[in-house]
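Hi there,

Here is the structure I promised to pass on to you. Have a look at it first, and then read my notes below.

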Amino acid sequence: MRGTRASQPWQLFGDAAVTQRGQLGEHMNTSSSRRALLGAIFAAALLGAAGSAIAAAGGAPRKARVFVKGGESIVPNAYLKLSFHFDAGTVPIRSGGTVTLTNLTTEGHTLSIVKASQVPHTIRQLQNCSACLAIDKAHGINPEGPPVEGPPPNLLVNAGGPGFDAPGDSVIIPPKGRGAPVSFKVTAKPGTVLNFICAFHPWMQGRFLVK
Ligand SMILES: [Cu+2]
């Protein structure tokens with residue numbers, strides 16, 4: 001899982017920091033393509049389970065916590081599993097409420113608002129995540145550049161008004177032990193659905209239901 005290509009500016013985020021999206025990218029080789037594909041399938045299965053468990057949650061709390069969970073594991077001659085995911089994936093939140101992100105994994109992630117049409121649903125869409133590239137660049141990350149030490153230059157990207165209310169709003173989530181939990185306000189109008197992904201592992205997906 002390491003050292004496969006130049007898209008590892010997130011090496012700063014720990015030993016497993018090769019981003020799986022990097023392996024999904026246009027420069028991947030055949031072997032990494034297969035690994036990434038299997039991982040994405042298993043991740044999608046997990047995501048579905050998490051989503052259905054949470055969907056029944058009602059109300060609109062002023063504060064919500066989202067955890068980043070999962071990791072990498074292998075069953076030799078069977079599959080590689082990349083199970084990074086948001087827990088919960090569907091997050092009701094009052095307009096003006098605060099979301100706190102806690103990373104329980106040893107990799108860095110992002111929580112990035114994207115348009116519904118930019119949320120990848122297929123392997124090909126994962127491989128060609130143009131929204132992810134735009135988010136990388138907004139954070140000051142050059143996916144084509146050499147590995148970079150230290151956090152990305154821009155930890156927070158504010159695309160719309162103050163707070164999280166528009167596609168392009170994005171925050172870096174440092175690896176466990178490499179930074180405090182990240183908090184931000186969701187300021188979109190009541191009734192808005194804000195879709196989000198992790199730009200590094202875009203099978204990590206969720207949505208804020210703003211009330
Ligand atoms: Cu991620």
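In the protein chain, 68% of the contacts with a separation of 6 or more are between residues 24 or more positions apart. Please keep in mind that this is a predicted model. The protein chain has 211 residues, and 40% of them count as buried. Its secondary structure comprises 4 helices and 12 strands.

Let me start with the sheet of 6 strands. This is an open sheet with mixed pairing, and its strands come in the order 5-12-11-7-9-8. Strand 5 (90-93) and strand 8 (156-157) each have a single partner strand, so they stand at the edges with one side left without a neighbour in the sheet.

At the strand 8 end, the partner is strand 9 (residues 170-173), and the two pair in the antiparallel sense over 2 bridges. If you want to find this pairing on screen, look for Leu156, whose bridge partner in strand 9 is Val171. Helix 4 (residues 130-138) packs on this sheet and touches strand 7 (109-114), strand 8 and strand 9. The direction of helix 4 makes about 115 degrees with that of strand 7.

At the strand 5 end, the partner is strand 12, and here the pairing is parallel, over 4 bridges. Thr90 is a handy marker, as it stands opposite Arg207 in strand 12. Strand 12 also pairs with strand 11 (residues 193-197), this time in the antiparallel sense and over 5 bridges. In that pairing, Phe196 has Gly206 of strand 12 as its bridge partner.

How many of the 6 residues of strand 12 are buried? The count is 5, so strand 12 (residues 205-210) is largely enclosed by the rest of the structure.

Now for the sheet of 4 strands. This one is open as well, with mixed pairing and the order 4-1-6-10. Its edges are strand 4 (85-87) and strand 10 (182-185); each has a single partner strand, so one side of each is left without a neighbour in the sheet. On average, neighbouring strands of this sheet are turned by 25 degrees against each other, direction ignored.

The partner of strand 4 is strand 1 (residues 63-69); the two run antiparallel and are joined by 3 bridges. Lys69 is a good place to look, since its bridge partner in strand 4 is His85.

Happy to go through any of this with you.

Best wishes

Technical notes
Residues numbered from 1 in each chain as written. Predicted model: local features only at pLDDT ≥ 70, side-chain atom pairs only at ≥ 80, totals over all residues. Pairing = 2+ DSSP bridges. Axes fitted to C-alpha atoms, helices over the stretch in contact; angles between N-to-C directions. Contact = placed C-beta atoms within 7 Å. Buried ≥ 20, exposed ≤ 12 C-beta atoms within 10 Å, placed from the backbone.
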